[in-house]
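Student: Got a minute to go through this one with me? I'd like to start with a helix.

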Amino acid sequence: MAITASSAHLKTPRSSDELCTSHPSQAYLSSKSLSFTPIHNTQIDISYSNKNKLYAIADSWKWRTKVSFFQGFLVKEKDVKKLKEELLEAIAPLDRGAEASQEVQERVDEISRKLEAANKVKEPLKSKLLNGKWELIYTTSQSILQTKRPKFLRPNGKIYQAINVDTLRAQNIETWPFFNQATANLVPLNARRVAVKFDFFRIAGLIPIASPGSGRGQLEITYLDEELRISRGNRGNLFILKMVDPSYRVPL
């Protein structure tokens, strides 16, 4: 379900022991019998150079293990950064999604799913990274894009969504030309998904109107970091937002 001010949709991190022994045994073979006699106070001879080689091998193994771990970590971070760059490059010319063909939508969705699979914030509704004002930079929601209308009757300015996890409040803010706003209460359904219940709309940024009760929907936060948020609505719409003001507070 998509949620706008008019149709109720929220656009909305896992001492090496000495290699010697004091009392080894040695076998002796005689013409009469085979006897097994301990020889006391002897040691297996490991030369200084051999010890050094053994220690070097052990140290090398430990080092390779550490390098492997950190390399894996860095590669993953590098991949996330590359995916983000690829996503932003793909959506840059799309006029917030209004100019996206079906093929391009599928490409953006594919990149988004790769980012979602690498998401480190498993409980975004408990993360302070969610707080602040986000700018909507891409969506598939037709109730926002309004591509069937003439362009001058669509929201042409920036669209923002603000969320505060401590108060569980959200706000949608349209700019030119309509300047509509909507505020909503968020009801957590799990650590990633919320039910959205709008309480007030503000037409042209001035006229407050209480929600008739039909302004409802759900939103799932599928990727979150300091710069980027990806969300999906209960009607399958995709929302991609970038952080613009982490200090912004939603009115109570």
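Tutor: Sure. This is a predicted model. Take H2: on the face turned away from its buried side sit the exposed residues Gln102, Glu103 and Ala117.

Student: And which residues of H2 are buried?

Tutor: Val108, Ile111, Ser112, Leu115 and Glu116. Looking down the axis of H2, those buried residues fall within an arc of 145°, so they line one face of the helix.

Student: How far apart are the end C-alpha atoms of H2?

Tutor: They are 23 Å apart. With 16 residues (102-117) at 1.5 Å a residue, H2 should span 22 Å, so the two agree.

Student: Switching topic: how many aromatic pairs are there?

Tutor: Two. Trp176 and Phe179 pair edge-to-face, 6.4 Å centre to centre with 75° between the planes. In the pair of Phe198 and Phe201, the ring centres are 5.7 Å apart and the planes are at 20°, so that one is stacked.

Student: Is Phe198 buried or exposed?

Tutor: Phe198 is buried, at 7% relative accessible area, and Phe201 also counts as buried, at 11%. As for the edge-to-face pair, Trp176 is exposed at 55%, while Phe179 is partly exposed at 38%.

Student: OK, pockets. What's the volume of the largest pocket?

Tutor: About 340 Å³. It's lined by 17 residues, with Val80, Lys84, Tyr223, Asp225 and Glu227 nearest its centre.

Student: Which helix gives the most to that lining?

Tutor: H1, with six residues. Helix H1 (48-91) and strand E9 (216-224) each supply at least two.

Student: What's the chemistry of the lining?

Tutor: Nine charged residues, seven nonpolar and one polar.

Notes
Residues are numbered from 1 along each chain as its sequence is written. This is a predicted model: local features need pLDDT of at least 70, side-chain atom pairs count only at pLDDT 80 or more; totals for chains, interfaces and linings use all residues. Side-chain values use heavy atoms; hydrogens and water are left out. On a 1 Å grid over the protein atoms alone, a cavity is a set of points where a 1.4 Å probe fits but cannot get out, and a pocket is an open set with protein on both sides within 12 Å along at least five of seven lines; lining residues have an atom within 4 Å of a point. Grid points are joined across faces, edges and corners, and a volume is the space filled by probe spheres set on the points. Helices (H or I, at least four residues) and strands (E, at least two) are DSSP runs, numbered from the N terminus. Ala, Val, Leu, Ile, Met, Phe, Trp, Tyr, Cys and Pro count as nonpolar, Asp, Glu, Lys and Arg as charged, and the others, Gly among them, as polar. The expected span of a helix is 1.5 Å times one less than its number of residues. Buried means under 20% relative accessible area, exposed over 50%, partly exposed in between (1.4 Å probe, protein chains only). The arc is that of the directions from the helix axis to the C-beta atoms. Rings of Phe, Tyr and Trp (its six-membered ring) pair if their centres lie within 6.5 Å; planes under 30 degrees apart count as stacked, over 60 as edge-to-face and the rest as tilted.
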